[in-house]
Amino acid sequence: MKIAFVGKGGSGKTTLSALFIRHLAAAGRPVIAVDADINQHLGPALGLTDAQAAALPSLGAHLPQIKEYLRGENPLIRSAEEMIKTTPPGPGSQLLRIVEENPVYAACARPIALDEGSVRLLVTGAFAEEDLGVACYHSKVGAVELLLNHLLDGPDEYVVTDMTAGSDSFASGLFTRFDLTFLVAEPTRKGVSVYRQYKEYARDFGVNLRVVGNKVQSAEDLAFLQREVGEDLLTVFGQSDWVRRLEQGAEPALNTLEPANRAVLEQLKTAADLAHGSRDPERYTQQAVSFHLRNAESWGNAKTGIDLATQVDQDFVLGAERLDAAHA
Ligand SMILES: Nc1ncnc2c1ncn2[C@@H]1O[C@H](COP(=O)(O)OP(=O)(O)OP(=O)(O)O)[C@@H](O)[C@H]1O
Ligand SMILES: [Mg+2]
């Protein structure tokens with residue numbers, strides 16, 4: 001399952017991503033956590049010190065290596081230099097699995113021991129001041145798009161991505177690469193307006209979007225979200241003293257989280273598991289191809305000096321039968 005957390009700045013994306021990741025790990029599920037936000041906070045939210053988080057290797061700094069590995073023996077991709085963030089996999093490409101050792105994880109992923117279970121963390125890398133507003137930001141996030149497009153994930157295995165705030169996510173095709181997107185919304189007009197905007201963008205791409213209310217304090221808060229969001233509202237996470245203790249530097253155990261909030265995490269897991277059943281590998285692959293062709297025309301062909309449409313194998317589908325074959 002490929003899961004994203006999106007929403008307004010400060011709504012609680014990182015908090016809920018980290019808690020969901022811990023909940024999955026505690027259930028013994030394999031999890032890859034991905035920090036794709038401009039402000040990299042997922043590592044600390046999973047218990048790393050600032051110094052440990054700052055020392056994490058970044059996907060952005062390993063892009064050439066990642067491309068070199070993923071293109072594998074694919075004859076349509078002649079070099080890593082000709083591979084852009086949307087270059088789709090094809091026969092011969094080296095696909096990734098959630099549970100395996102590979103050079104990409106060796107270079108970029110770091111294990112994090114949690115109070116219950118453990119996960120692997122990948123981070124896009126901090127965005128330096130000079131990166132903002134230029135291609136670097138998108139190329140760093142592009143690494144995540146590449147990885148997801150080359151990932152064979154099965155049920156009961158999860159990639160959980162903490163995304164950037166607001167609608168910055170739409171700068172690339174990344175927002176379409178998830179089985180389920182949790183939009184975190186506080187019970188405020190701004191929180192809900194980000195939801196509306198996201199839904200509007202996402203509609204044409206068939207993005208599976210559910211709203212998770214956060215910092216809900218009262219029946220009025222709940223009623224507000226129900227009224228404004230309607231059936232897209234999956235559940236609400238309450239204003240939490242446990243989260244506040246965490247924020248104050250304590251390291252409360254997951255099993256001391258308020259039971260109602262822990263139940264919300266289980267609801268998110270159930271929704272994620274359901275999403276796997278409604279997956280459409282052909283559509284997923286076609287979308288990757290169409291984003292690739294758009295990128296090729298708008299800047300990729302000019303940048304690489306080749307016709308990037310030639311990288312597409314129309315018959316290739318990143319799908320379930322390949323996963324079976326890979327495990328056989
Ligand atoms: N349910 C909650 N109860 C209490 N405090 C919360 C809750 N959810 C989040 N917070 C607090 O709200 C603040 C913002 O949360 P968080 O950093 O997770 O948001 P974010 O959406 O990731 O923000 P950014 O856009 O800056 O990345 C933090 O101080 C966090 O501790
Ligand atoms: Mg955050």
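Two strands pair if DSSP finds at least two bridges between them, and strands (E, at least two residues) and helices (H or I, at least four) are DSSP runs numbered from the N terminus. This is a predicted model, where local features need pLDDT of at least 70, side-chain atom pairs count only at pLDDT 80 or more, and totals for chains, interfaces and linings use all residues. Residues are numbered from 1 along each chain as its sequence is written, chains are lettered from A and ligands numbered from 1 in the order written, and side-chain values use heavy atoms, leaving out hydrogens and water.

**Exercise 1.** Work out how strand 4 sits beside strand 5.

*Solution.* Start with the direction: the two run antiparallel, joined by four bridges. Next, pick a pair: Ile112 stands opposite Val119 in strand 5. Now look at the link: the strands form a hairpin with four residues between them, and Gly117 in the turn has a positive phi of about 80°.

**Exercise 2.** Place strand 4 and strand 5 in the sheet.

*Solution.* First, read off the order: the open sheet of eight strands goes 4-5-2-7-1-8-9-10, with mixed pairing. Strand 4 (110-113) and strand 10 (233-238) are the edges, each pairing on one side only. Then step inward: strand 2 and strand 5 run parallel over four bridges, with Arg120 of strand 5 as the bridge partner of Ile32.

**Exercise 3.** Decide whether His23 is buried or exposed.

*Solution.* Find His23 in helix 1. Its relative accessible area is 6%, so His23 is buried (under 20%; exposed is over 50%, partly exposed in between; 1.4 Å probe, protein chains only).
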